[in-house]
Amino acid sequence: MDQKHASSPLAGAVHDLATEVVLALRSGDHLATVCGAAGIDEENRTGIAAVRVIGADLLLPSVLYGRHPHPGDVAVLDRAVREFPPKPDAPAATAWSHWHMISTLQRMAPPAPGAAAPGTYAEPDAAWLEEAPWQAFTHQLSVLAPLAVPAAPSAVQRAAANRAVDLSRGFVRAVRRRDWLQAAGAGRWLAATGGEPATLGLDRGLDFVELMGGHDPRVTLHVRAARLMAEARAR
Amino acid sequence: MTTTATEDPQGRPGQDPQGRPAREPAFTPGASGASGAALAVLPGVLASALAWTDAHRTRFALPDDVLEPHTQVNATLKPLGELAQLGSTIRRTTAPGTPEHEVAGDLVAYAWEQVHEGALLLELLRAEPFAAYPYEIYAAFAGYGLRHEGFEALARPLTATRAWAHTEQHANRQLGLVNSERRVGVVTHTDAGGVLSRTWLGGLSEPWMFEGSSGYALTHTVFHLTDWGRMPDRVPKKIDGYLRTWLPAWADGCLESGQWDLTGELLAVAASLPGPAPVELLDAVWPVLADVQHPTGCVPETGVPAEDPSPDPYPFIDCYHSTLVTAFAAALSLRSLRQTDERAGRPTGEQTGETTPGRERHTP
């Protein structure tokens, strides 16, 4: 485990997982499991918690390259969903992240006939997002950046598409605050949904965010995802 | 007057000394930016900032040795030129008969007295005939109708030279010179549109590269382009859209980092746009700046506002400009908001969450 940037075992595991996702995104033909490479299996409680933090981005390489995910990664994600269900009073972002993990599993790795499904979970409410000021909106969307993937419609994604100018302002604000993770998350949403003002200069902005904040692999993960989605949109 | 008053001495907003981003402020719906919030505070902010300036007018007085080489222009002629420039704009932006209109007129008259009805500016020009700043200070008065024949007689051949037309300076300052020429009424040395395209703003720069120095360059570009808010229609459509799109993000950063002077200038820019006022932005930012304003009316340039109730909580040099800018921005904002209401046929103050019709188009 790379403890250089880790303030706790959980943070270290999150760092390692994000690093492996980035490697898989870069290689494009990465066949090994993300969790396996990060030394995480179904019995590793810290690792499972880290998967809960990374969320559905564990399967992002498969989602973006249109490949079947590795069964080991599916198993660990499934385990994280079962072990960390949101409490009834959990923040809306937690509920959304949980919902997205389940829907990603259902989409990418439907259970074999007769096998136990991870259960159903109703799509949470997003009205609060529509009313949030642009600053809070961008912050929340950035937390929910794993939902910014193609062909995964949600109320959050619709809110992002409807408020592209607000998200762009939030990107500018995040860069100014040197909050690279938030900037990367906002940039990923803009790459996924489009509609940003032409003068934003998102491509160069994402380069800048990656070069300034890339010591955090979660930043690189979002920027890499944004680039892959932007390339796919351009095709 | 085109010299940038204050360069940002501070770092970036929301960052702790270790370089980590600050925590996100808690989201409290409805806490600020309520409809009509700007109009609720603006009359008080304007009256109070002008009252402070009026009470401190002798601090703008020129010393006897103002023309001596050792005298600091930034502490003498520059503040006085700004008093004339911003005072005359406030005078023209406020309704005749109102106390603000009268005080602003008094302040311009006071400044004109200080330059001996232009005679001192002629002396300054004779001392530094090839410098641009005497002309720029004079233009602040000339644009208001206060003129000096001898000054213009000496300036006329100088401003017709090739050297004048090729004065080397930043693009936003060159726009200032063009505006000065317009005010004095001579043929401008170059086309303003060409100069505008060389500014940070005219290049529609990536908004995430905004910082203190580009911020002041941007605000002064708009001030010179619009003759300090008097001619909003001179703002080209694409720049109007660009500003309506990005001003909220920049103003938010200035508030968070306590850059009150630049916040005031950005508000003045927002109130100098053609068409409807950017109501949401004005409603979000003005109440915060109103809170920063000291009970006596002064506004600090940067930093944590003083809680000292005494009449002079800040050194004059650290608050006179931001206080003048606050008054100037408040007068322009009141005009912009009231005109927006009139166009919509509403009684002033009845806001409806105005749309921003000129906002930049999305990419396809």
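**Fold and domain layout of chain A, with a look at chain B**

Buried residues account for 52% of the 235 residues in chain A. The model is a predicted one, and that goes for everything below. As for secondary structure, chain A is simple to describe: 13 helices and zero strands. Read from the N terminus, the run of elements is α-α-α-α-α-α-α-α-α-α-α-α-α.

On overall dimensions, the C-alpha atoms of chain A fit a box of roughly 50 × 40 × 35 Å along the principal axes. The radius of gyration of chain A is 17 Å, and because a compact globule with 235 residues would come out near 18 Å, the two agree. The contacts can be sorted by sequence separation too. Of those in chain A that link residues at least 6 apart in sequence, 69% join residues at least 24 apart.

Next comes the split into domains. Chain A breaks down into domain 1, covering 1-123, and domain 2, covering 125-235. Between the C-alpha centres of domain 1 of chain A and domain 2 of chain A there are 21 Å. The contact draws on 21 residues from domain 1 of chain A and on 21 residues from domain 2 of chain A.

Which helices of chain A supply at least two residues each to the side of domain 1 that touches domain 2? They are helix H1 (9-27), helix H4 (60-65) and helix H6 (92-108) of chain A. H1(A) gives the largest share of this side of domain 1 of chain A, with seven residues. Sorted by class, the side of domain 1 of chain A that touches domain 2 of chain A holds eleven nonpolar residues, along with seven polar and three charged ones.

Chain B comes with a record to go on. An unreviewed UniProt entry lists residues 47-331 of chain B as "domain: DUF6895". In the model, that span of chain B, residues 47-331, is 58% helix and 0% strand, and its end C-alpha atoms sit 10 Å apart.

One residue of chain B can be placed in more detail. Ala109(B) belongs to helix H3 of chain B, which covers residues 99-114. Is Ala109(B) buried, exposed or partly exposed? Ala109(B) has 14 other C-beta atoms within 10 Å, so it counts as partly exposed; a buried residue would need 20 or more, and an exposed one would have 12 or fewer. Ala109(B) can also be paired with Phe141(B): the two are 32 residues apart in sequence, and their C-alpha atoms are 9.6 Å apart in space.

How values were computed: Residues are numbered from 1 along each chain as its sequence is written. Chains are lettered from A and ligands numbered from 1 in the order in which they are written. This is a predicted model: local features need pLDDT of at least 70, side-chain atom pairs count only at pLDDT 80 or more; totals for chains, interfaces and linings use all residues. Helices (H or I, at least four residues) and strands (E, at least two) are DSSP runs, numbered from the N terminus. The radius of gyration is taken over C-alpha atoms; the globule rule is 2.2 Å times the number of residues to the power 0.38. Two residues are in contact if their C-beta atoms, placed from the backbone, lie within 7 Å. Domain bounds come from an automatic or database domain assignment. Ala, Val, Leu, Ile, Met, Phe, Trp, Tyr, Cys and Pro count as nonpolar, Asp, Glu, Lys and Arg as charged, and the others, Gly among them, as polar. UniProt positions are given in the numbering used here, feature names are shortened, and annotations may be inferred rather than shown by experiment.
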